[in-house]
Amino acid sequence: MNKELFIALCDRIGQCVPEIRFIDFDRGQLSASGERPPVEWPCCLLSIDYTNCRDLAVEVNTQLVMADITLRVAFPPAGETHNHAPEKVRDMALQMLDTVEKLHDALQGETLGDTVSTLSRSRATMQTRSNKIVVFNLTYSTTFQEVK
């Protein structure tokens with residue numbers, strides 16, 4: 001796996017979305033049972049999956065890697081969002097959507113300093129866990145060459 005890509009992602013997110021206070025590899029931090037997850041809120045947990053790799057005939061020991069980068073952006077319970085909630089309360093609770101949008105703006109079309117081809121969002125889902133933590137799963141597809 002590519003350390004340079006992970007660092008470039010962390011740097012980009014940290015620079016462009018300072019609202020996200022904790023960025024790390026996804027190592028199951030949100031699955032800590034019976035305790036508060038070992039993160040700062042909001043957090044962004046990354047996974048990089050090589051979905052397809054093929055050797056390039058032109059260059060020895062070089063592969064074209066197609067990758068999916070999944071960001072799990074998690075927020076603690078933040079208040080009421082229903083249509084009867086006071087406007088101020090609802091606006092505060094929905095700030096998580098502003099953060100997710102800002103994160104998308106920072107990554108969509110980005111090459112991370114020519115580390116990868118342009119990032120393109122391929123999937124976005126949301127889940128609310130039983131402990132009321134809201135998790136947005138954003139997946140971006142990209143390609144890059146890896147030389148060994």
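**View 1. Asp 24 and its contacts in strand S1.** Leaving aside neighbours within four places in sequence, Asp 24 is in contact with Phe 6, Gln 29, Cys 44, Leu 45 and Leu 46. This is a predicted model, so keep that in mind for every view here. Asp 24 sits in strand S1, which runs over residues 22–25. Is this charged residue buried or exposed? With 15% relative accessibility, Asp 24 counts as buried, because the cut-off for that label is under 20%.

**View 2. Tyr 50 against Phe 144, one of three aromatic pairs.** Searching the whole structure turns up three aromatic pairs. In this one, Tyr 50 and Phe 144 meet edge-to-face, with 5.6 Å from centre to centre and 75° between the planes. The pair links distant parts of the chain: Tyr 50 belongs to strand S2 (residues 43–55) and Phe 144 to strand S5 (residues 134–147), 94 residues apart. How accessible are the two partners? Tyr 50 comes out as partly exposed, at 22% relative accessibility, whereas Phe 144 is buried, with a relative accessible area of 5%.

**View 3. Phe 75 against Phe 136, another edge-to-face pair.** Here the ring centres of Phe 75 and Phe 136 are 5.9 Å apart and the planes make an angle of 85°. Phe 75 is in strand S3 (residues 62–75) and Phe 136 is in strand S5, so this pair ties together parts that lie 61 residues apart in sequence. Both rings are tucked away: Phe 75 is buried, its relative accessible area being 6%, and Phe 136 counts as buried at 7% relative accessibility.

**View 4. The largest nonpolar core, with Val 73 picked out.** Nonpolar side chains tend to be buried together in soluble globular proteins. The largest core in this model has 30 residues, and Leu 9, Leu 71, Val 73 and Leu 103 have the most contacts inside it. Which elements supply at least two residues each? They are helix H1 (3–16), S2, S3, helix H3 (95–107) and S5. What does Val 73 touch, once residues up to four places away in sequence are set aside? Its list is Ile 20, Cys 43, Cys 44, Leu 103, Val 134, Val 135, Phe 136 and Leu 138.

**View 5. A second, separate core.** This one has eight residues, including Leu 30, Val 39, Leu 45 and Ile 133. Leu 45 also turns up among the contacts of Asp 24.

**View 6. The largest pocket, with H3 along its lining.** About 240 Å³ of space lies in this pocket. Of its 13 lining residues, Phe 75, Met 92, Gln 95, Met 96 and Thr 99 are the closest to the centre. Helix H2 (87–93) and H3 each supply at least two residues of the lining, and H3 gives the most, with five. What is the make-up of the lining by class? It divides into eight nonpolar, two polar and three charged residues.

**View 7. The second largest pocket.** The volume of this pocket is about 190 Å³. Its lining takes in a run of neighbours, Pro 76, Pro 77, Ala 78, Gly 79, Glu 80 and Thr 81, along with Met 96, Thr 128, Lys 132 and Val 134. By class, that gives five nonpolar, three polar and two charged residues. Met 96 appears in this lining and is also listed for the largest pocket.

How values were computed:
Residues numbered from 1 in each chain as written. Predicted model: local features only at pLDDT ≥ 70, side-chain atom pairs only at ≥ 80, totals over all residues. Heavy atoms only, no water. Phe/Tyr/Trp six-rings, centres within 6.5 Å; stacked < 30°, edge-to-face > 60°. Helix = DSSP H or I, 4+ residues; strand = E, 2+ residues; numbered from the N terminus. Buried < 20%, exposed > 50% of the residue type's maximum accessible area, 1.4 Å probe, protein only. Contact = heavy atoms within 4.5 Å. Core = buried A, V, L, I, M, F, W, Y, C linked by side-chain atoms within 4.5 Å. 1 Å grid on protein atoms, 1.4 Å probe; cavity = no way out; pocket = protein on both sides within 12 Å on 5 of 7 lines; lining within 4 Å. Points joined across faces, edges and corners; volume = space filled by probe spheres on them. Nonpolar A, V, L, I, M, F, W, Y, C, P; charged D, E, K, R; others polar.
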